[in-house]
Amino acid sequence: MSLSDASSAFDWDIFCRVVDNFGDIGVCWRLARCLARDHGCAVRLWVDDWASFARLCPAAGEAGDVLRAQGVEVRRWSEPFPDVVPARAVVEAFACEPPPSYVEAMAACTPRPQWINLEYLSAEDWVEDCHGLSSPHPRLGLTKRFCFPGFTPRTGGLLREKGLIAERERFRADAAMRRDWLAGLGIPAVPDDTRLVSLFAYEQPQLPELLRVWAAAPRPTLLLVPEGRVLGDVLRFFGRDEAKAGEILAAGGLTAAVLPFLDAADYDRLLWACALNFVRGEDSFVRAQWAAQPFVWHIYEQDEAVHHDKLEAFLARYLAGLDAPAADATRAFWQAWNGEGSVAAAWPAFAAALPRLVPHTRRWSDGLAERPDLASTLVLFSELTVK
């Protein structure tokens, strides 16, 4: 039987090469589950870094090269690539082109699969002009369309599961639920005036200076730190070389709890439980916006400092409508957190701005939630391009 006669068992193939530990696979794994759960699609996810995926989906650690989890078939992307029938729609995440043999198989299918390049998230103006553009393959008669996630109606939107906002509101409204969830992580009850802060970031050399400020402050701070790259900087402040999940460290008014690596659902709850969230990359950055609480973004560093342009583009959109002193304080702290200034020196003004950032960030999140989500945009892409 030729591929032109074959019918794929899958609606979607998603290809993911892991570059940033968990950012790329975090987005792809979340997208795959959204397509399966919210849109009833048959989804196959190809992952080249099985170990990173196993951190997000522990069942993968016991699997071989194929895993069925949460409605998605996950396959190890290895060479030689297996001879499979392409799905009806194909997503290459972040320009990781599928294997040549797979692309050749796409060209042999009738009808040909819809090929979508899911790009990185950016708030820059040029994204609106590039979203939806097509690019013909120079040889095979295939056409690739570009989908840019974004923050405006002329982009692809953000990943958002159905029911996410309602689930967040239930969690926020139930103090006992929050207490029980924290207790399940080994966190004892905390005084009402304690500021809960989550920290998920890249390495941050300036962090000990900020922690000294928090330790000396009259208001107590509980810092919740999932295991990850920034943990070493936390431990430097406490004079420790290592710490295991479950350990609680204290200095003055600062308490730091080391958390295990959290799955997607529990990471959302962590963001919902905290008054301030430090996030990084793309996936946690988006989840912080759905948490609708003040946050600080540690952007992924790129050559020639182009990441600073992306940071400024987002700040321009996010801070629009906020009063000038609060906007200036937020911008200064974010810039310092990303290597342009002193984090400790920028903290007092940012801390003073947080009460105004609470309703502002809620309005920002509510506005984003009024727009179509990214999975729905991709489904529309696949339908619009059917020949």
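1. Val91 is buried, with a relative accessible area of 0%. The model is a predicted one, and this residue is a convenient place to start reading it. Val91 belongs to strand 5, which covers residues 89-93. Leaving aside neighbours within four places in sequence, Val91 is in contact with Trp12, Asp13, Ile14 and Phe15, and also with Ile116 and Leu118. Arg17 is 74 residues away from Val91 in sequence, while the two C-alpha atoms are 12 Å apart in space.

2. The next point concerns the partner of strand 5. Strand 5 runs parallel to strand 6 (residues 114-118), and five bridges join the two. Within this pair, Val90 stands opposite Trp115 of strand 6.

3. Strands 5 and 6 are part of an open sheet of eight strands, whose order is 3-4-2-1-5-6-8-7 and whose pairing is mixed. Its edges are strand 3 (66-69) and strand 7 (134-136), each of which pairs on one side only. On average, neighbouring strands of this sheet are turned by 25 degrees against each other, direction ignored.

4. Strand 4 deserves a separate entry. How many of the five residues of strand 4 are buried? Four of the five are, so strand 4 (residues 72-76) is largely enclosed by the rest of the structure. Strand 2 (residues 43-47) pairs with strand 4 in the parallel sense over five bridges, whereas strand 3 runs antiparallel to strand 4 and is joined to it by four bridges. Val74 of strand 4 has Leu45 opposite it, and Leu67 also stands opposite Val74.

5. The connection between strand 3 and strand 4 is a hairpin with two residues between the strands. Gln70, in the turn, has a positive phi of about 50 degrees.

6. A further open sheet has six strands in the order 11-12-10-9-13-14, again with mixed pairing. Strand 11 (248-251) and strand 14 (295-298) are the edge strands, each pairing on one side only. The average turn between neighbouring strands of this sheet is 15 degrees, direction ignored.

7. Within the six-strand sheet, strand 9 and strand 10 (residues 221-226) run parallel and are joined by four bridges. Ser198 stands opposite Leu224, a residue of strand 10. Helix 12 (residues 324-337) lies across strand 9, strand 13 (276-280) and strand 14, and runs at about 35 degrees to strand 14.

8. Arg195 is found in strand 9, which spans residues 195-199. Which side chain of opposite charge is nearest to Arg195? That side chain is Asp193, 10 Å away; Arg195 is buried yet has no salt bridge. Not counting residues up to four places away in sequence, Arg195 touches Arg219, Pro220, Thr221 and Leu222, together with Ala275, Trp347 and Leu354.

9. The last residue for comment is Glu209, in helix 7 (residues 207-216). Is Glu209 buried or partly exposed? Glu209 has a relative accessible area of 36%. Because this value falls between the cut-offs of 20% and 50%, Glu209 counts as partly exposed. Glu209 and Ala42 are 167 residues apart in sequence, and their C-alpha atoms lie 49 Å apart in space.

Terms used. Residues numbered from 1 in each chain as written. Predicted model: local features only at pLDDT ≥ 70, side-chain atom pairs only at ≥ 80, totals over all residues. Heavy atoms only, no water. Buried < 20%, exposed > 50% of the residue type's maximum accessible area, 1.4 Å probe, protein only. Lys, Arg positive; Asp, Glu negative; His and termini not counted. Salt bridge = Lys/Arg side-chain N within 4 Å of Asp/Glu carboxyl O. Contact = heavy atoms within 4.5 Å. Pairing = 2+ DSSP bridges. Axes fitted to C-alpha atoms, helices over the stretch in contact; angles between N-to-C directions.
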